[in-house]
Amino acid sequence: MRTSYDLIVVGGGPSGCTAARYAAVGGASVLVLEKDREIGIPVRCAEAVNQSGLIQFMQPDPKFIAATVTKFKMVAPNGKVVQPVLEGVGYVLERRIFDAEVARLAAMEGAEIVTKAYVYDLLKSNGKIEGVKALIKGERVEIHSRIVIGADGVESRVGRWAGITTNPSIQDLESCAQMTLGGIEVEPDALYFYLGQDYSPGGYLWVFPKGKNMANVGVGISVDVAKKKSAISYLNDFIKKKYPHAAVIAQIAGGVPCATTVKPLVKENVMLSGDAAHQVNPLSGGGIISGMIGGMLAGQTAANAIKSNSLDRLQEYEDLWQKRLGNRHESFYNIKSVINFEDKILNKIADDVLQIPDEKRTMGAILKSAMWNKPSILLDVAKVYLI
Amino acid sequence: MISITPDKCDFCGACVGICPEDAIELMEASISIIDERCTNCSKCVWACPWEVIKFKRNGVGSAKGAIE
C-alpha cells in the first residue's frame with residue numbers, strides 16, 4: 001500500500017469494486033478499503049439478479065450461481081398465484097463467491113484492495129478533501145487521493161462527511177430480515193413474492209431458491225411500518241406457519257434505501273455509488289446490478305477526470321447516471337409511492353390478471369390492471385414499460 | 001436514551017443509514033452511539049430489523065454507559 005493514489009474507493013462490495021475496476025482500466029491508480037476482514041462476507045442480500053444485467057460485467061459462472069430461475073410468482077393475500085410471463089432468465093447468486101469474483105476483476109486491472117480497513121473520516125486540509133483517515137488492522141493511517149468514491153453501503157458516512165445528505169426518510173428505508181432455510185420444499189426455478197398485510201404491509205416477503213431444498217426467505221418493510229411491528233417479527237410469523245421444521249442456515253438483517261438517487265452524487269472530489277447513493281430500484285429493492293452500473297460510471301468518470309487533469313469533469317457522472325438509470329428509478333419510485341394497496345384490492349388485481357391468457361400475462365399487464373385501481377400511476381407505468 | 005444490545009446485533013447498518021445525526025459508529029463487529037450527537041429521535045429503534053435497539057424514556061441527557 002502506498003501513501004497516495006489517484007482514487008480511493010471506500011467499500012469493497014460490487015459497486016465499489018466495479019468502480020475500482022473501471023477506474024483502473026482508465027489508467028487511474030486505485031485503492032479499495034473494505035472495513036470487514038473478507039470481501040463478500042457477511043452477505044446482506046436476497047441475492048437475485050437478472051442475466052441481462054449480469055452479463056454486462058461478467059460471464060455467469062456456476063461457481064457463484066446457486067439457482068437459475070425462469071419463473072416469477074406473486075402470491076396475493078387470498079392465496080391466488082399470479083405468474084407473469086418473463087423474458088430471459090435470472091439467477092440467485094452465492095454473493096460471498098460473487099463479490100470475491102468482482103474484486104478479482106478489479107485486482108486484475110491493477111486496483112489494490114485492503115480489507116479490515118475502516119475509514120473513519122475524510123482527510124481535509126484547508127477545507128479541501130485530500131484523502132481518507134483509516135484504521136487499518138488497528139493502526140491509524142492517512143492516505144492521500146485526488147478523488148474519493150463512497151461505496152460504503154446503506155450505512156454510508158462518506159457522503160455526509162463531504163456535506164451530502166444520504167440518510168433516507170423513514171418511508172424510504174426498508175428494514176429487512178432474512179433467513180436462509182434448509183431442508184424445505186422449494187421450486188428450484190421460481191422466485192416467490194408474497195404480498196399483503198400479513199406478510200409485509202407495503203412491501204413484500206420473498207422466497208428465493210438456492211438449489212435443492214434451500215432458499216433465502218426474507219421480508220422488507222418500510223421503517224414507517226416497522227414502528228409498529230419489526231421485520232424479524234413478520235418473518236418469524238411466516239416461517240412458523242410455512243416452514244416450521246426448517247433448518248436455519250443463515251440469518252441476517254439489513255437496510256435497503258428504496259428512494260430516488262442521492263442528490264448531488266458528486267461534491268467537489270467526492271462521488272457516491274451503490275447503496276450509498278441509493279442506486280437501488282425503489283420498487284423491487286434490487287441493487288446489485290444497478291449499483292455496479294453506478295460504480296462503473298463513477299469509475300470511468302474518475303479516470304477521465306484524472307487523465308484530463310480536470311476534476312470539474314466529475315460532474316459528468318450525475319448526468320450519465322441519470323440517463324442510464326436515474327430517470328427510470330424515479331418512475332419506479334413514483335409507482336411505489338402510490339401502490340400501497342389494501343388486501344382486497346390486491347386480491348381483485350390477482351383475480352383480474354388471472355383472466356388474462358397465460359402468454360399475455362406480462363409484468364406490464366399486471367401493472368395495467370393495478371392502474372385501474374390507481375390511475376395516477378399511468379404516466380409512470382408508461383415511462384417504464386413503453387419508453 | 002438509546003441503547004444497543006451488542007450480543008444480539010448483526011452489525012447490518014440499517015440504524016446508521018437512517019440516523020439523521022451521523023451519531024452511530026459501526027465497525028466490523030462493534031457498534032456504538034456517539035453520545036454528544038444523539039438526539040434520541042428513535043429512528044434507529046424503528047429501523048432495526050431485529051429489535052436490538054431500545055429506547056428508554058429515562059432522561060435525554062448523556063447516553064454514556066448505555067452501550068457495553
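Contact here means heavy atoms within 4.5 Å, and that is the sense in which the word is used at each stop of this tour through a predicted model.

**Stop one: Gln178(A) and its surroundings**

Begin by selecting Gln178(A), which sits in strand β12 of chain A, a strand made up of residues 173-182. With a relative accessible area of 5%, Gln178(A) is buried. If you display what surrounds this residue and set aside its neighbours within four places in sequence, Gln178(A) is in contact with Cys45(A), Ala46(A), Trp206(A), Asn216(A), Val217(A), Gly218(A), Leu235(A), Ala250(A), Gln251(A) and Ile252(A). From that list, pick out Trp206(A), whose side chain makes a polar contact of 2.9 Å with the side chain of Gln178(A).

**Stop two: Arg95(A)**

Cys45(A) leads on to the next selection, since Arg95(A) touches Cys45(A) along with Pro14(A), Gly40(A), Val43(A), Glu47(A) and Ile288(A), residues up to four places away in sequence not being counted. Arg95(A) belongs to helix α3 of chain A, which covers residues 95-108, and at a relative accessible area of 12% Arg95(A) is buried.

**Stop three: the cysteines**

Colour the cysteine sulfurs next. How many disulfides does the structure hold over all chains? The count is zero. In chain A, select Cys176(A) and Cys258(A): the sulfur of Cys258(A) is the cysteine sulfur closest to that of Cys176(A), but at 7.1 Å the two are too far apart for a bond. Cys176(A) is itself buried, at 11% relative accessible area. In chain B, turn to Cys19(B), which is in no disulfide and has its nearest cysteine sulfur, that of Cys41(B), 6.2 Å away. Cys19(B) is likewise a buried residue, with a relative accessible area of 9%.

**Stop four: salt bridges, from buried to exposed**

Over all chains the structure holds 25 salt bridges, and three pairs in chain A are worth selecting one after another. In the pair Asp172(A) and Lys336(A), the side chains meet with an N to O distance of 3.2 Å. Asp172(A) lies in the loop between α4 (158-161) and β12 of chain A, whereas Lys336(A) lies in helix α8 (residues 316-338), so this pair ties together parts that are 164 residues apart in sequence. Both partners count as buried, Asp172(A) at 9% relative accessibility and Lys336(A) at 18%.

Stay with helix α8 of chain A and move to Asp319(A) and Lys323(A), which both lie in this helix, four residues apart, or about one turn. Their salt bridge brings the closest N and O atoms to 3.0 Å. Asp319(A) counts as partly exposed at 42% relative accessibility, and Lys323(A) is exposed, with a relative accessible area of 64%.

The third pair is Lys344(A) with Glu342(A), a salt bridge in which the closest N and O atoms are 4.0 Å apart. Lys344(A) is exposed, at 61% relative accessibility, while Glu342(A) is partly exposed, at 46%. Finally, select Arg157(A), Asp22(B), Glu25(B) and Arg37(B) together, because salt bridges that share partners join these four residues into one network.

**Stop five: chain B by itself**

Hide chain A for a moment. Which order of elements does chain B follow along the sequence? The pattern is β-α-β-β-α-β, from two helices and four strands. Of the 68 residues in chain B, 51% are buried. Among contacts in chain B between residues at least 6 apart in sequence, 57% join residues at least 24 apart.

**Stop six: where chain B meets chain A**

Bring chain A back and select the interface, in which 26 residues of chain B are in contact with 33 residues of chain A. The area buried between the two chains is about 2,400 Å², with carbon and sulfur atoms giving 55% of that area. On the side of chain B, Glu28(B), Trp46(B) and Trp50(B) lose the most area to chain A, together 28% of what that side buries.

Across this interface there are five salt bridges, and one to display joins Glu28(B) to Arg37(A), with the closest N and O atoms 3.0 Å apart. The polar contacts between the two chains number 15 residue pairs, counted where both residues are at pLDDT 80 or more. To see which parts of chain B take part, highlight α1 (14-18), β2 (24-27) and α2 (43-47), the elements that give two or more residues to the side touching chain A. Coloured by type, the residues of that side divide into 16 nonpolar, two polar and eight charged.

Technical notes
Residues numbered from 1 in each chain as written. Chains lettered and ligands numbered in written order. Predicted model: local features only at pLDDT ≥ 70, side-chain atom pairs only at ≥ 80, totals over all residues. Heavy atoms only, no water. Buried area = accessible area lost by both parts, 1.4 Å probe. Polar contact = N/O pair within 3.5 Å; in protein donor to acceptor, adjacent residues only side chain to side chain. Nonpolar A, V, L, I, M, F, W, Y, C, P; charged D, E, K, R; others polar. Disulfide = S-S within 2.5 Å. Buried < 20%, exposed > 50% of the residue type's maximum accessible area, 1.4 Å probe, protein only.
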